[in-house]
Amino acid sequence: MRTVAVTCPLCEATCGLTVTVDGDRVTRVRGDELDVFSRGFICPKGASVGALHQDPDRLRAPLVKRNGRFEEVSWDEAFAEIDRHLPRLMAEHGRDAVAVYAGNPSVHNTATALYGPAFYKALGTKNFYTAGTVDQLPKHFSSGYLFGHPMSIPVPDLDRTEYLLVLGANPLVSNGSLMTAPDARGRLRALRARGGRLVVVDPKRSRTAEQADEHHAIRPGTDALLLFAMVNVLFTENLCAPGALTPHLSGLDEVEVLARPFTPEAVAPATGLSASTITRLARDLAAAGSAAVYGRMGTTTQSFGTVASWLVDVLNVLTGNLDRPGGAMFPLAAAGQANARPGPRRPWRSGRWHSRVRGLPEVLGELPVATLADEILTPGEGQVRALVTVAGNPCLSTPNAARLSEALGQLDFMVSLDVYLNETTRHANVILPGPTLLERPHYDVALYQLAVRNVANWTPAALPTTVPQEWRTLLRLTAIVTGQGPTPNLEALDDLVAAEAAKRAGVDPVTDRTGPERLIDQLLRAGPYDLTLADLEAAPHGVDLGPLRPRLPDILATPSGTIELAAKDIVADVPRLLAALENTNPDHLILIGRRQLASNNSWMHNVAGLVRGTNRCTAQLHPTDAARLGLEDGASAHISSRTGTITIPVEITDTVRPGVVSIPHGWGHDVTGTRGQVARAHPGVNSNILTDDTDLDALTGTAVLNGIPVDVAAATTPATAPAPATTAAIP
Ligand SMILES: Nc1nc2c(c(=O)[nH]1)N[C@H]1C(S)=C(S)[C@@H](COP(=O)(O)OP(=O)(O)OC[C@H]3O[C@@H](n4cnc5c(=O)[nH]c(N)nc54)[C@H](O)[C@@H]3O)O[C@H]1N2
Ligand SMILES: Nc1nc2c(c(=O)[nH]1)N[C@H]1C(S)=C(S)[C@@H](COP(=O)(O)OP(=O)(O)OC[C@H]3O[C@@H](n4cnc5c(=O)[nH]c(N)nc54)[C@H](O)[C@@H]3O)O[C@H]1N2
Ligand code: SF4
Ligand SMILES: [Mo]
């Protein structure tokens, strides 16, 4: 028996866990009291890392589909199969014929985060998709144009702020996003305990809203209007006080002009908040000793996701709270901080290419996943014929999921790097599993760049494994698509990757390590804290690098060297917002999403401890709507949108705003051909049958997952028997 300290990679919070193992079995998991950042906090998912590791349905060997059935094969056979198909398809149809979809865990997994890019670059396809376009891309876009780098995302200085305005985020359940903050609940409690104020804007009285001083139940999709009206009040009441930011600003006058039509009175009917409330919110924000405005999923995955994300930071700037303690600050991670490189940088821009079928712009090198099905189903030059998924389940997580599922069924070839045979990977020809989080080393390259405190923590692999490390799998795939065949000299390839990475980072290559260890060591050596991997190895509970520090003006990398408050690529969407103000349509109920403490997007429902109890995949409706529709609690309803219909049990609750329907995503495990006994027994319904692949944030192509018009009607068939549209649409 031994106990090891690991960093949990399941969500963005980076909690420290202590895991007790007996041989290769996990016997106990606890929050690590000594962890410098999380100090003992743990959530139900973190507590399940042992169950996840021991899940008998988890894949441990590669699968190849032959005559429509999956067979377990050797690793050599699996790579030989890929080598027979991918290079041929690339040669016959061009590089863009192979698409990639990289899912959420591909960022949380050090191997895929560090070695994925080498493979994607070798593929050289424009058809690169990630979960970012069903998530946070609007924030990268607004930061890219405001500050010059898409990773320059200010995070609330949570531990010091006196006033936090949260829009469309539920950190008590999500544990924080674009804000790495383990034990968000404890940190928010501490905020209130020191006399600070927590204000939540959300169509639902979420768990976070329940802890807040104020909750404002906004109409979905109207945050940009509310935020613009707050900007308007700051100008009309002379409350703008950018203070020390003033010499670094441009576009202030333009913002004032742009905000003029969005008076509190003008936006009140659309937002559902009174003009006096909006005015007071602006005054309170301006009056606070320090304050941060913070928006997440509810503000990014909506029709005006980018404009809302931009206005969040406009408010942080106008009130002088950007880059000051207690405000919204820029973290500085120990390794890989993308915006830390000294010297002049090329200003960031998007739209360098466009998608073939719908002409949607590239952002951060990727195209909107909402158009992946179009690219597969539409014939012509450049048609997608093959797909590689890396830790993604787009058949449950992307809009118009039924159509995507149909499209995946028509591919010539599909490879999935994944640990489950699920709703997406069942379409693959080859599935390559990876080791579990306890069988691989971990360092959170991405999320420390968004942390509310600068910390660094390295986790060595806790358990041995027979499954190849995913960085090795990715190098073999890289070899295949570069014509080196399926059995390359992996050591030589790894040396090459490391040498390139060292050059990019501006350090001498490390020679006494390999794999992610070496890349992290190099990044630490290149980083701002004079650390090496050996330093982190000597500190199993992490290294605390202190509270966030101001980073202006060095962080700015816009063409003008200022914070470009009125960047033309962002303000281009303001006329559409103005038009929407005059054109609100209250006729439909509006669908929004909801995260759940014991779910992790789509993929942890095969852990029995996380699906115990009553079915939580329900459609929440306000009592007045339920009464009008003749629906009782627990009754079954048909819910329809432009793209499909689902049948789902109704849960009546006054926590949602009237006119709103809330359904969690990541469910719908009742399809054929998957392996996941527990998930199949708790299937729920796929809410992304309803989200619309043509309803996008105009600037980034990010899907509108919050704010879909739907019709709700009592179902005559019980909810346990799926409505025809659900099953018929998924092959
Ligand atoms: N309607 C609606 N839809 C949403 C959302 C919403 O709020 N509402 N949220 C969106 C958001 S924010 C996100 S991030 C996306 C997530 O979208 P996805 O990333 O597509 O979905 P996940 O459910 O995270 O699927 C992760 C996949 O990775 C696999 N996996 C897990 N760990 C590993 C690993 O270590 N290695 C490998 N190779 N595979 C692994 C799992 O088995 C699973 O198949 O969903 C989006 N979809
Ligand atoms: N337990 C758990 N934790 C998770 C995940 C999980 O699946 N489960 N997923 C992880 C991932 S991938 C992500 S991206 C993060 C997301 O982290 P968060 O964004 O904090 O999580 P959500 O629960 O999606 O919060 C969105 C909130 O926006 C509200 N909302 C919906 N529409 C609107 C709107 O138009 N305006 C406003 N103001 N609010 C609106 C919803 O009611 C909801 O409360 O969570 C991460 N953490
Ligand atoms: S909050 Fe996130 S990081 Fe912390 S234990 Fe839970 S899943 Fe893991
Ligand atoms: Mo996400």
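So, Glu491: at 46% relative accessibility, this residue counts as partly exposed. One thing up front, this is a predicted model, so please hear everything I say in that light. Glu491 has a salt-bridge partner, Arg472, and the closest N and O atoms of the two are 3.4 Å apart. Arg472 is also partly exposed, at 29% relative accessibility. Where do Arg472 and Glu491 sit in the chain? Arg472 is in helix α18 and Glu491 is in helix α19, which runs over residues 490-505, so the pair links parts of the chain that are 19 residues apart.

Okay, staying on helix α18. That helix covers residues 470-481, and Arg476 belongs to it. The side chain of Arg476 meets Asp76 in another salt bridge, 2.8 Å from N to O. Asp76 sits in helix α2, residues 75-93, and here the two partners are 400 residues apart in the chain. Buried or exposed, what about Arg476? Arg476 has a relative accessible area of 13%, and the cut-off for buried is under 20%, so Arg476 is called buried. Asp76, on the other hand, is partly exposed at 48%.

How many salt bridges does the structure hold? The count is 34. Another one pairs Glu210 with Arg205, with the closest N and O atoms 3.8 Å apart, and Arg205 comes out partly exposed, with a relative accessible area of 31%. There's a network too: Arg358, Asp374, Arg403, Arg642, Asp692 and Asp693 are joined through salt bridges that share partners.

Right, on to the ligands. Ligand 1 has 29 residues around it, and the ones that come nearest are Tyr101, Asn104, Asp418, Glu470 and Ser602. If you're wondering about the character of that shell, it divides into twelve nonpolar, twelve polar and five charged residues. Which domains feed into it? Domain 1, made of 57-125 + 368-442 + 458-541, and domain 2, 582-714, each give at least three residues.

Now the polar contacts of ligand 1. A polar atom in the side chain of Asn422 lies 2.8 Å from one of the ligand's oxygen atoms. With Asn109 we're again talking about a side-chain N or O atom, this time 3.1 Å from an oxygen of ligand 1. Asn393 uses its backbone instead: an N or O atom there is 2.9 Å from a ligand oxygen. And how much of ligand 1 does the protein bury? On its own the ligand exposes 910 Å², and the protein buries 97% of that.

Next, ligand 2. Here there are 30 residues around the ligand, and Asp202, Gly221, Asp223, Ser599 and Asn601 come nearest. By class we get ten nonpolar, 13 polar and seven charged residues. Helices α6 (171-174) and α13 (297-300) each supply at least two residues of this shell.

For polar contacts, Ser599 places a backbone N or O atom 2.6 Å from a nitrogen of ligand 2. Val201 also uses a backbone N or O atom, 3.1 Å from a ligand nitrogen. Over at Gly298, a polar backbone atom is 3.5 Å from an oxygen of the ligand. Taken alone, ligand 2 exposes 920 Å², and 97% of that is buried by the protein.

Last one, ligand 3. The residues around it include Cys8, Cys11, Cys15 and Cys43, along with Phe41, Lys45 and Asn175. That shell divides into seven nonpolar, three polar and one charged residue.

Conventions:
Residues are numbered from 1 along each chain as its sequence is written. Chains are lettered from A and ligands numbered from 1 in the order in which they are written. This is a predicted model: local features need pLDDT of at least 70, side-chain atom pairs count only at pLDDT 80 or more; totals for chains, interfaces and linings use all residues. Side-chain values use heavy atoms; hydrogens and water are left out. A residue is near a molecule or strand if one of its heavy atoms lies within 4 Å of it. A polar contact is a pair of N or O atoms within 3.5 Å; within protein, one must be able to donate a hydrogen and the other to accept it, and residues adjacent in sequence count only if both atoms are side-chain atoms. Accessible areas come from the Shrake-Rupley method with a 1.4 Å probe; for residues, only the protein chains shown count as cover. Ala, Val, Leu, Ile, Met, Phe, Trp, Tyr, Cys and Pro count as nonpolar, Asp, Glu, Lys and Arg as charged, and the others, Gly among them, as polar. Domain bounds come from an automatic or database domain assignment. A salt bridge is a side-chain nitrogen of Lys or Arg within 4 Å of a carboxyl oxygen of Asp or Glu. Helices (H or I, at least four residues) and strands (E, at least two) are DSSP runs, numbered from the N terminus. Buried means under 20% relative accessible area, exposed over 50%, partly exposed in between (1.4 Å probe, protein chains only).
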